[in-house]
Amino acid sequence: MISGSRIPAVVPAGRMAEAEQPVLDLPNGLELRPWRLSDADALMTAARDPDIRRWNRLSVETPEEARRRIARMHERRRAELSTIWAVAPPGGEPVGLAGWGDVDLAGGSAEIVYWLLPAARGAGVAVEAVKRLGAWALDDLGLHRLRLCHSVANPASCRVADRAGYSLEGTMRGALLHEDGWHDEHLHALVRGDI
């Protein structure tokens with residue numbers, strides 16, 4: 001964090017919280033839209049998917065817990081800590097999640113998070129969502145550096161990072177605890193001017 005220094009914040013506090021969360025079109029007929037409390041069933045379905053559970057820290061057992069998690073997404077956005085979208089057909093149920101966590105407006109950085117339900121995998125949806133959110137974060141919000149981290153045992157996420165234009169910067173050893181233990185993670189990044 002840069003607070004207290006002479007270096008100005010990359011993105012002024014309030015820019016994210018004061019604006020409405022936009023709906024962003026994707027080229028594959030889907031859109032990125034805010035999560036709704038009525039999306040609780042989709043979140044529970046995702047939490048039961050073995051691949052999503054393997055690579056993400058998503059644990060949702062009841063509809064009430066899912067609604068609380070969705071409400072927390074909106075609270076964290078207002079606190080300028082994250083912005084999470086549902087990947088969905090217009091007017092339809094979510095087929096995935098994509099967004100920014102670990103947002104540091106003053107330092108100008110954030111980390112992308114995403115997952116897709118099985119029906120949406122393999123068609124380039126994750127790549128398009130990551131690209132679109134990268135453009136929003138850099139061009140609209142004004143961040144400078146974006147991270148994409150994933151377990152080295154997850155080659156699909158490595159392909160998403162590469163196809164979305166994120167450069168592989170290295171491997172972080174023992175960086176994230178998954179259900180099956182500690183995983184090394186690849187660190188990919190996109191910096192303003194890369195695209």
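Which residue in E3 is the bridge partner of Arg33? In this predicted model, the partner is Ala86. The sections below set this bridge in its sheet, then turn to the aromatic pairs and the internal spaces.

The sheet is open and has eight strands. Their order is E1-E2-E3-E4-E5-E6-E8-E7, and the pairing is mixed. E1 and E7 are the edge strands. Each of these two pairs on one side only.

At one edge, strand E1 covers residues 24–25 and strand E2 covers residues 31–34. The two pair in the antiparallel sense, over two bridges. Asp25 has Glu31 of E2 as its bridge partner. Together E1 and E2 make a hairpin, with five residues between the strands. The turn contains Gly29, whose phi is positive at about 85 degrees.

E2 also pairs with strand E3, residues 83–88. These strands run antiparallel and are joined by four bridges. Leu32 is bridged to Val87 of E3. Arg33 is bridged to Ala86 of E3.

Ala86 itself belongs to strand E3. Is Ala86 buried or exposed? Its relative accessible area is 0%, so Ala86 is buried; the cut-off for burial is under 20%. Beyond its neighbours within four places in sequence, Ala86 is in contact with Glu31, Leu32 and Arg33. Trp35, Pro94 and Gly96 are also among its contacts. Val23 lies 63 residues from Ala86 along the chain, and the C-alpha atoms of the two are separated by 9.6 Å.

Trp35 recurs in the aromatic pairs, of which the structure holds two. Trp35 and Trp115 form a tilted pair. Their ring centres are 6.2 Å apart, with 55 degrees between the planes. Trp35 sits in the loop between E2 and helix H2 (40–48), whereas Trp115 sits in strand E5; the pair therefore ties together parts that are 80 residues apart in sequence. Both Trp35 and Trp115 are buried.

Trp85 and Trp136 form an edge-to-face pair. Here the centre-to-centre distance is 5.0 Å and the planes stand at 80 degrees. Trp85 lies in strand E3 and Trp136 in helix H5. The pair links distant parts of the chain, with these positions 51 residues apart in numbering. Both Trp85 and Trp136 are buried.

Strand E5 also holds Ser109. Ser109 has a relative accessibility of 13% and therefore counts as buried. With residues up to four places away in sequence set aside, Ser109 touches Asp102, Val103 and Asp104. The other residues touched by Ser109 are Leu143, Arg145 and Arg147.

Turning to enclosed space, a search of the whole structure finds one cavity of 30 Å³ or more. The largest cavity holds about 30 Å³ of space. Its lining consists of Gln21, Trp35, Met73, His74, Arg77, Thr83 and Ile84. Helix H4 (63–78) and E3 are the elements that give two or more residues to this lining. H4 gives the most, with three residues. By class, the lining of the largest cavity has three nonpolar residues, three polar residues and one charged residue. Trp35 is thus a member of the cavity lining as well as of the tilted pair with Trp115.

The largest pocket holds about 1300 Å³ of space. Which residues lie nearest the centre of the largest pocket? They are Trp55, Asn56, Val113, Tyr114 and Trp115, from a lining of 41 residues. Several helices and strands give two or more residues to the lining of this pocket. The helices are H3 (50–55), H4, H5 (125–141) and H6 (155–163). The strands are E4 (96–104), E5 (109–116), E6 (145–151) and E7 (167–178). E5 supplies the largest share, six residues. The lining of the largest pocket divides into 20 nonpolar, 10 polar and 11 charged residues. Trp115 is named both among the residues nearest the pocket centre and in the tilted pair with Trp35.

Note on methods. Residues are numbered from 1 along each chain as its sequence is written. This is a predicted model: local features need pLDDT of at least 70, side-chain atom pairs count only at pLDDT 80 or more; totals for chains, interfaces and linings use all residues. Side-chain values use heavy atoms; hydrogens and water are left out. Two strands pair if DSSP finds at least two bridges between them. On a 1 Å grid over the protein atoms alone, a cavity is a set of points where a 1.4 Å probe fits but cannot get out, and a pocket is an open set with protein on both sides within 12 Å along at least five of seven lines; lining residues have an atom within 4 Å of a point. Grid points are joined across faces, edges and corners, and a volume is the space filled by probe spheres set on the points. Ala, Val, Leu, Ile, Met, Phe, Trp, Tyr, Cys and Pro count as nonpolar, Asp, Glu, Lys and Arg as charged, and the others, Gly among them, as polar. Rings of Phe, Tyr and Trp (its six-membered ring) pair if their centres lie within 6.5 Å; planes under 30 degrees apart count as stacked, over 60 as edge-to-face and the rest as tilted. Buried means under 20% relative accessible area, exposed over 50%, partly exposed in between (1.4 Å probe, protein chains only). Contact means heavy atoms within 4.5 Å.
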